[in-house]
Amino acid sequence: MKLFCIPGAGASSVMFLPWVKQLRNNEEITPCLLEIPGRGIRKKDEPVDTIDQLVDVLLKKISIQVQEGEGYALYGYCFGAIVAYEMIRKLKKNGGKMPDYFFISSIGAPDNAKIAEPVFSNESFRDEVSRMFVRYFPEQLFCDTKNLDLVTKIFTEKVFDDFRTTGKLSPVPIEVFKKQKVQGLECESELERIVAFANDALMVFEYDQKMLLQYTAEKREKCMLPCTCMALRGEHDSLTTMEDLTGWNSYCDKPLKMVTVEGNHFTFEESREEILNAMLEVMRTKKTMTILDI
């Protein structure tokens, strides 16, 4: 079965490449990566402005790849799960072919109050966001990775401080790092390259966050999900609690399966094997029951 994967805010479909590698010889699941225009492998494409526009773009991609009579599943990580939910709404409204399964990762239901708040407005999320920013500084960009934590710390503090002052995300000036005298870099051009890469990712996150905030302000009517659904989170995820996941129950026509796996908010990377096994179990049984796996 084809599993269409939608990345989270600030990310691209590249985040799912390890899944492609791990499932290369699996006959039950074939990962299909849905890229968001303006980033990753679609970086040259015109970005969309709203979630509804994104829904149309991604549904078109699915329609090309799913043959008549063929089943498929959707996996949405965080922001991507809200996009997938709206894709199902559109399919349901237009009588399109529905997914057999919907896998929701690391986010509460569309009516969850947290979704309507910018992540950087909550200081308690600082540590979790810092772990996200580590991914903005790929190790291969460093000649010496011993200062990766320091660079991430400086970047995180500056982003949160600026947001508290201005209410928006802004690129972090390279001068901030120069003042801190970051060591382990061969030359200034290397530092510029690292910071530019991180700032690009930050602006993509800001773009997605704006789309999500606009979406939550529209107060849409609830769409009941007719497919089999599973919601999951990392055990140490401070952004998405088990109570947040439980909110999806009221959106499901069938019993919702809820699973907790090892890791924090970035379960897609930390607990890849656990997640894939949980999805395979749901697909194999074709029956769902409400469970809490802790």
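How do the residues lining the second largest pocket divide into nonpolar, polar and charged? Keep that in mind as you open the structure, which is a predicted model.

**Stop 1: the pocket**

Select Pro-110, Asp-111, Thr-216, Lys-219 and Arg-220, the residues that lie nearest the centre of the second largest pocket. They belong to a lining of 15 residues, and the space inside has a volume of about 210 Å³. Two elements each give two or more residues to this lining: α3, which covers 79–94, and α7, which covers 188–216. Colour α3 first, as that helix gives the most, with three residues. Now for the opening question: the lining has six nonpolar residues, two polar ones and seven charged ones.

**Stop 2: a salt bridge beside the pocket's residues**

Keep Arg-220 selected and add Glu-86. These two form a salt bridge, and their closest N and O atoms are 3.1 Å apart. Glu-86 sits in helix α3, while Arg-220 is in the loop between α7 and β5 (228–234), so this pair ties together parts that are 134 residues apart in sequence. Why pair up at all? Side chains of opposite charge can do so when their charged atoms come close.

Which partner is buried, and which is partly exposed? Turn on the surface and check: Glu-86 is buried, at 2% relative accessible area, whereas Arg-220 is partly exposed, at 29%.

**Stop 3: a pair within one helix**

Move to helix α4, residues 126–134, and pick Glu-128 and Arg-131. Their salt bridge has its closest N and O atoms 3.5 Å apart. The two residues are three apart in the helix, which means about one helical turn separates them. Glu-128 is buried, with 2% relative accessible area, while Arg-131 comes out as partly exposed at 33%.

**Stop 4: strand meets helix**

Next, select Lys-257 and Glu-281, whose side chains meet in a salt bridge at 3.5 Å, N to O. Lys-257 is part of strand β6 (residues 257–261) and Glu-281 is part of helix α10 (residues 272–285), so the bridge ties together parts that are 24 residues apart in sequence. Lys-257 is buried, at 8% relative accessible area. Glu-281 is partly exposed, at 43%.

Which residues do salt bridges with shared partners join into one network? Select Asp-52, Glu-86, Arg-89, Glu-218 and Arg-220 together to see them. You've already met Glu-86 and Arg-220 as a pair. Across the model, the count comes to 19 salt bridges.

**Stop 5: a nonpolar patch**

Switch to the surface view again and select Val-14, Leu-17 and Val-20. Together they make a nonpolar surface patch of about 210 Å². Val-14 is in the loop between β1 (2–6) and α1 (17–22). Its relative accessibility is 42%, so Val-14 counts as partly exposed.

**Stop 6: far in sequence, but how far in space?**

Stay with helix α1 and click on Pro-18, which is found there. With a relative accessible area of 34%, Pro-18 is partly exposed. Now add Arg-272. How many residues apart in sequence are Pro-18 and Arg-272, and what is their C-alpha to C-alpha separation in space? Draw a distance line between the two C-alpha atoms: the separation is 8.4 Å, although their positions lie 254 residues apart in the sequence numbering.

How values were computed
Residues numbered from 1 in each chain as written. Predicted model: local features only at pLDDT ≥ 70, side-chain atom pairs only at ≥ 80, totals over all residues. Heavy atoms only, no water. 1 Å grid on protein atoms, 1.4 Å probe; cavity = no way out; pocket = protein on both sides within 12 Å on 5 of 7 lines; lining within 4 Å. Points joined across faces, edges and corners; volume = space filled by probe spheres on them. Helix = DSSP H or I, 4+ residues; strand = E, 2+ residues; numbered from the N terminus. Nonpolar A, V, L, I, M, F, W, Y, C, P; charged D, E, K, R; others polar. Patch = residues over 30% accessible without salt bridge, like charges linked within 9 Å, V, L, I, M, F, W, Y side chains within 5 Å. Areas by Shrake-Rupley, 256 points an atom, 1.4 Å probe, with all protein chains shown as cover. Salt bridge = Lys/Arg side-chain N within 4 Å of Asp/Glu carboxyl O. Buried < 20%, exposed > 50% of the residue type's maximum accessible area, 1.4 Å probe, protein only.
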